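Subject: Structure handover

Hello,

Here is the structure I said I would pass on. My notes on it follow below the entry.

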Amino acid sequence: MLKLLDFSLRLSVIPLSVATIWLTVTNKQDNSMYGDLKYSNLTGLKYMVFISGICASYAFIAAVCTCIRCIVTKTWLFFVSDQIVAYLMVTSGAAVVEILYLAYNGDREVTWSEACTSYGKFCYRLKVAVILHALAFFLLCYFSCNLGL
């Protein structure tokens with residue numbers, strides 16, 4: 001029963017990561033006053049897409065490995081791998097949250113104005129992508145902490 005729960009949780013990370021990638025990569029908005037804004041303009045978004053791809057791939061491989069008994073005996077390997085992927089997800093999520101913070105609030109000290117009034121759709125889709133990324137992170141942490149050992 002525990003093995004089935006572990007397998008299911010690992011598989012549930014995949015659609016969340018794929019949805020994060022899809023929302024981020026297809027996110028673009030044109031503004032006649034300021035120009036075109038797309039995910040490839042921001043390095044933090046490219047990093048989150050890359051890490052989400054790693055997360056989805058790792059979750060798939062780990063889910064398959066839980067079905068194979070000879071590899072499952074190496075629980076320490078899963079625990080360490082889960083931790084590495086989780087830390088990568090934290091760093092990419094933090095980078096995008098910082099981008100969102102600046103987009104919503106700007107930075108008056110360096111005369112950056114907020115951008116979400118001009119690029120509202122872009123900011124909204126980015127918020128949804130960050131939420132999906134965070135859900136994938138929490139699922140990864142849950143099965144790493146509770147089922148990994």
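Gln 29 counts as buried because its relative accessibility is 17%, under the 20% limit. Please keep in mind throughout that this is a predicted model.

The hairpin

Gln 29 sits in strand S1, which covers residues 28-31. That strand has two faces: Gln 29 and Asn 31 are on the covered one, while Lys 28 and Asp 30 are on the uncovered one. S1 runs antiparallel to strand S2 (residues 35-38), and 4 bridges join the two. Together S1 and S2 make a hairpin, with 3 residues between the strands. Across it, Gln 29 is opposite Leu 37 of S2, and Asn 31 has Gly 35 as its bridge partner.

The surroundings of Gln 29 come from two stretches of sequence. Leaving aside residues up to four places away in sequence, Gln 29 touches Gly 35, Asp 36, Leu 37, Ser 118, Tyr 119, Gly 120, Lys 121 and Phe 122. With one of these, Lys 121, there is a polar contact: the Gln 29 side chain reaches the backbone nitrogen of Lys 121 at 3.1 Å.

Leu 37, in strand S2, is also buried, since its relative accessible area of 17% is under 20%. With the same sequence neighbours left out, Leu 37 touches Asn 27, Lys 28, Gln 29, Tyr 119 and Phe 122. Leu 37 and Tyr 119 are 82 residues apart along the chain, yet their C-alpha atoms are separated by 7.9 Å.

Helix H4

Helix H4 takes in residues 75-105, which is 31 residues. At 1.5 Å a residue, H4 should span 45 Å, and the 44 Å between its end C-alpha atoms agrees with that. After the helix comes Gly 106, with a positive phi near 70°.

Which residues of H4 are buried? They are Phe 78, Asp 82, Gln 83, Val 85, Ala 86, Met 89, Ser 92, Gly 93, Val 96, Ile 99, Leu 100 and Ala 103.

Two of these deserve their own entry. Met 89 is, with Leu 126, one of the residues with the most contacts inside the largest nonpolar core, which has 29 residues. Helices H1 (2-25), H2 (43-67), H4 and H5 (120-147) are the elements that each give two or more residues to this core. Beyond residues up to four places away in sequence, Met 89 touches Ile 51, Cys 55, His 133, Ala 136, Phe 137 and Leu 140.

Ser 92 is also in H4, and its relative accessibility of 0% is why Ser 92 counts as buried. Its contacts, again without residues up to four places away in sequence, are Tyr 47, Met 48, Ile 51 and His 133. Ile 51 and His 133 are thus touched by Ser 92 and by Met 89.

Tyr 104 belongs to H4 as well. Its relative accessibility is 34%, between the 20% and 50% limits, so Tyr 104 counts as partly exposed. With residues up to four places away in sequence excluded, Tyr 104 touches Glu 114, Cys 116, Cys 123, Tyr 124 and Lys 127. With Lys 127 there is a polar contact of 3.3 Å between the two side chains. Tyr 104 and Cys 116 are 12 residues apart in sequence, with 5.4 Å between their C-alpha atoms.

Record annotation

The UniProt record, an unreviewed entry, places the feature "transmembrane region" at residues 7-25, 45-72, 84-104 and 124-145. In the model, residues 7-25 are 100% helix and 0% strand, with end C-alpha atoms 28 Å apart. Residues 84-104 are likewise 100% helix and 0% strand, and there the end C-alpha atoms are 30 Å apart.

Regards

Methods
Residues are numbered from 1 along each chain as its sequence is written. This is a predicted model: local features need pLDDT of at least 70, side-chain atom pairs count only at pLDDT 80 or more; totals for chains, interfaces and linings use all residues. Side-chain values use heavy atoms; hydrogens and water are left out. The expected span of a helix is 1.5 Å times one less than its number of residues. Buried means under 20% relative accessible area, exposed over 50%, partly exposed in between (1.4 Å probe, protein chains only). A nonpolar core is a set of buried Ala, Val, Leu, Ile, Met, Phe, Trp, Tyr and Cys residues joined through side-chain atoms within 4.5 Å. Contact means heavy atoms within 4.5 Å. A polar contact is a pair of N or O atoms within 3.5 Å; within protein, one must be able to donate a hydrogen and the other to accept it, and residues adjacent in sequence count only if both atoms are side-chain atoms. UniProt positions are given in the numbering used here, feature names are shortened, and annotations may be inferred rather than shown by experiment. Two strands pair if DSSP finds at least two bridges between them.
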